[in-house]
Each structure stands twice: as structure tokens, then as C-alpha cells.
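Hello,

Here is the structure for you to look over. My notes on it come right after.

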Amino acid sequence: MMLLVDTQNLCNSADLNSILYITKNIIKLILIISPILAIISLTILFFQLMNKPDDNKLIKKLGNAVKALVIVFFIPLFVTVVMSLIGNSTEITKCYNNATKPELYVEYIKVNDTDNTPIVVDPTAYEEGTFRQLNFSCKSKHIKAQFSCDTIHIVERHMNDFNYYTFNNVINSYGGFDKYMKSLGGYFSKYYGEQPKVTTVYEFQQVAEYVLGMIVMYGFDYYNGDDGKYCKWGGGCQPMSKIRQGKLPSSATSDAFYPDQLLHTQDGLSDRTHFDRLISNKGEINMTTCCNWTTDMVYYKAGIFGTGRTAVNSSANFSGLAKAKTNKIITNYEEIKPGDIIEWFDNPINLNNPNSWSSSGWYHVSFVGEVDYKKKTFTAYETGSGLTGSRNHKAVHKMSKKLKNAAIIRVIDLK
């Protein structure tokens, strides 16, 4: 397997940050302790020489003590001064100067050896019953998107694997895309090539992490059509009308799939119904998405919207979803569950009359990914330019505060 190092993003490495942080603090400790030890040692030797001024052994010891002081104190001091003078002009000095205390990560969840299914020790319960959720207690300072403990470290390690220019060479170095996905581990290995039909919150969250985790590791751009806008991963947005005039959006961050100001608009929108086909580049490379596209990618992958290119369900079909007999409009936010879809409008809507919603200016869709019934909060997974611009898919809301101009629709009652 080829070892690939992104020299432009060394500081994103948790391991390198830890090593440099420890090194920097050892040097600081040496600079504090060595003068103290030197003063004590030299004082003792001077007193001994005062009693025995002609003792050659003591004179030699004094010389050795001075040499030790130079080595132990002045070399670390020299390193510190050089690093300060160079500043952040090189990647390694930037990493060294900005190295910070490593996060105390929660340990990985134990794994069942028989089926590789993560075992959640502390499932979230609520009054209507009990369902399992992923463990979201692990945090990372190296990526903005916070995933479960099963996923977060995988995303950290692979967010700079490739870009548009290096994609094929990197995948070939693994022996093909199937082997690349297998090397990732976690839910990425579990769900690639599979078409699950989820029935539980636990399964739904896994599939959501599979899709959103890959989007974050790739660094998708936002593109919602020729009459819409284009946004760079970690960068800004620009209407397509201005882009056609040569006014490009601001540059992407270094972990983007499309580097700098490279855009992908020439062959339309990407594939929303076959996420595995999309990320494996079975056709034209097109790592772009938009709010309903991302939501659809999750719900098709989870088997909620059906399967295959003939599937017609869409999260943008807000009126159809709201009126379907098997679905439910959530008015009591304490009933919210993961899997509920959130439709957003510019103007107030009448929840009792979905037929009137089209006149309220629908502009966005997201979905509920997590619920904390103890804190009375739910986490919406953002799926549009908010995701691609901030590189973070989570927005926490209080159950006690109604979302403005939004409708929450339950399209599946997950257990």
C-alpha cells in the first residue's frame, strides 16, 4: 500500500500534533530545569575549588559541567529561537509553533468479534420506549464535522487522501476502489456495496455517517443546477449567472475534492440515488451535492426512498411527503425522532394544509440525525451549502423552540 502524505496539511495530523506538542514541552522543561541544576552543580564545585584550588579533578569537573550546560540549555534554546524567527513560513514550523494539547478522546466502542457490529453500552432512552443511538461523545479539534466514536478517527485520518487530480492514482495504489473502502474500516467498509433497508435509529445513524462521512472526507462542492449557485468546499458561493461572467466563488480549503477554483458543472447534477456509484467514480467524476441531493443520498442508501435509478422519491417533494398517508407531520417537538425530514420555507406555512406550502417559498431541506431527550434537544444534519461551506453537518436545536417557517415530516417510524 502506498503511504500518501499531504505536505500542505501536516498540521491536521493528530499524531504529528501530539509529537510536536510533547517535544515543545520537553524543550520548555529543559530550559527551566537545566539552569537550576547548572547553578546548583556549579555552586557546589566552586565551594569545593575554594577549599582545594589546585585539584585538577575538580577543575575538570567544572569544565564538564560548563559543557553540559551549553549542550542541555543552549541547544534547546537555539531550537526555540530558530522556530520563532522562521515563524509559520514553513509547514513544519507552523505545526511546531501551533502544536496544542491533544484532545483526550473517548476510547473506541467495543466491537462484537462475530459480526463487527459496534455495541453501544449506554443507549439513549425516552418515555415512549428505548432505542439505540451511536456514541457521539468523542470530539475532534482536527475536523469541524463531529461524528460518532466509531467514525470520527477514520474521517480524521482520511480527509486528505486525494483530490480531483490525484483520485485515480490513489485508488489504483490500493488495488481498486473496493479495496480502498475496505481499508477505511467502520461503517464505510460495512455499507459499501450493500443496500440496507433500515428499520432502527441505530441503523439509520450508521448509514447517515457512511454518506456524510464520505462527503466530508472527499470535500464535496455545492451545485444545485445551472440556474442556482455553486459553492466551494470550505469556501464561498456564487450564483451561476455570475460564474458564467467569470466571477468565481472564493477558493476552497485544502481538503476539498476540487482544489482552488476548479468547478464541476459541465455535465449537470451528480447521482443522488446511487451514492456508491457516485463516490467510486463509475462514470464522470462529479463530487457535488445540494441540500435535497444529500438528503436523498442518505435516504436512498438507507432503503427508505427505495432503490435504483427508477426511484422517484425526493426530499424536495415536500407537499407529496407531507400528504402521504403513511407519513406524519410532527407538531409536538418532544416526539421528534432521528429520520424525520425538515422542510424549510421563506415564509410562514400552514401545517394543516400542505397544498399551500408551495407558495411559501421552499428553499432548503435537512433531517433529524440525533435526539437527546434528557437535554431536550435534537440535532439537524445540514445537507446543503451550510454543510459544504462550514464543513460541518450538525446544528443543535431546542425542542422547546419551534423552528421558524419549517415543517417536520416523519417518513419512517424508526425503532
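Below are some notes on confidence, one helix, and the aromatic rings.

This is a predicted model, in which local features need pLDDT of at least 70 and side-chain atom pairs count only at pLDDT 80 or more, while totals for chains, interfaces and linings use all residues. Residues are numbered from 1 along each chain as its sequence is written, and side-chain values use heavy atoms, with hydrogens and water left out.

Confidence first. The protein averages a pLDDT (the predictor's confidence in each residue, from 0 to 100) of 82, and 81% of the residues score at least 70. Among the elements (DSSP runs numbered from the N terminus: helices, H or I, of at least four residues, and strands, E, of at least two), strand E8 (residues 341–345) has the highest mean pLDDT, 97, and strand E1 (residues 125–126) the lowest, 42. Over residues 103–129 the pLDDT is below 50. It also stays under 50 over residues 1–9, for which the model has twelve contacts (heavy atoms within 4.5 Å) beyond four places in sequence. Where pLDDT is low, please don't read the predicted coordinates in detail.

Now the helix. Eleven of the eleven residues of helix H11 (residues 291–301) are buried (under 20% relative accessible area with a 1.4 Å probe, protein chains only; exposed is over 50%, partly exposed in between), so H11 is largely enclosed by the rest of the structure. Among the buried residues is Trp 293, and Arg 272 lies over the face of Trp 293, at 5.2 Å from the ring centre. For a charge to sit over a ring, NZ of Lys or CZ of Arg must be within 6 Å of the ring centre and within 35 degrees of the ring normal. Just after H11, Gly 303 takes a positive phi of about 80°.

Finally, the rings. The structure holds 31 aromatic pairs (rings of Phe, Tyr and Trp, the last by its six-membered ring, with centres within 6.5 Å; planes under 30 degrees apart are stacked, over 60 edge-to-face, the rest tilted). One of them is the edge-to-face pair of Phe 131 and Tyr 373, at 6.3 Å centre to centre and 75° between the planes. These two residues are 242 residues apart in the chain. Phe 131 is buried at 4% relative accessibility, and Tyr 373 is buried at 7%.

Tyr 164 and Phe 257 also pair edge-to-face, with centres 6.3 Å apart and planes at 85°. Here Tyr 164 is partly exposed at 28%, whereas Phe 257 is buried at 0%. Both belong to one aromatic cluster, which also includes Phe 162 and Tyr 258.

Best wishes
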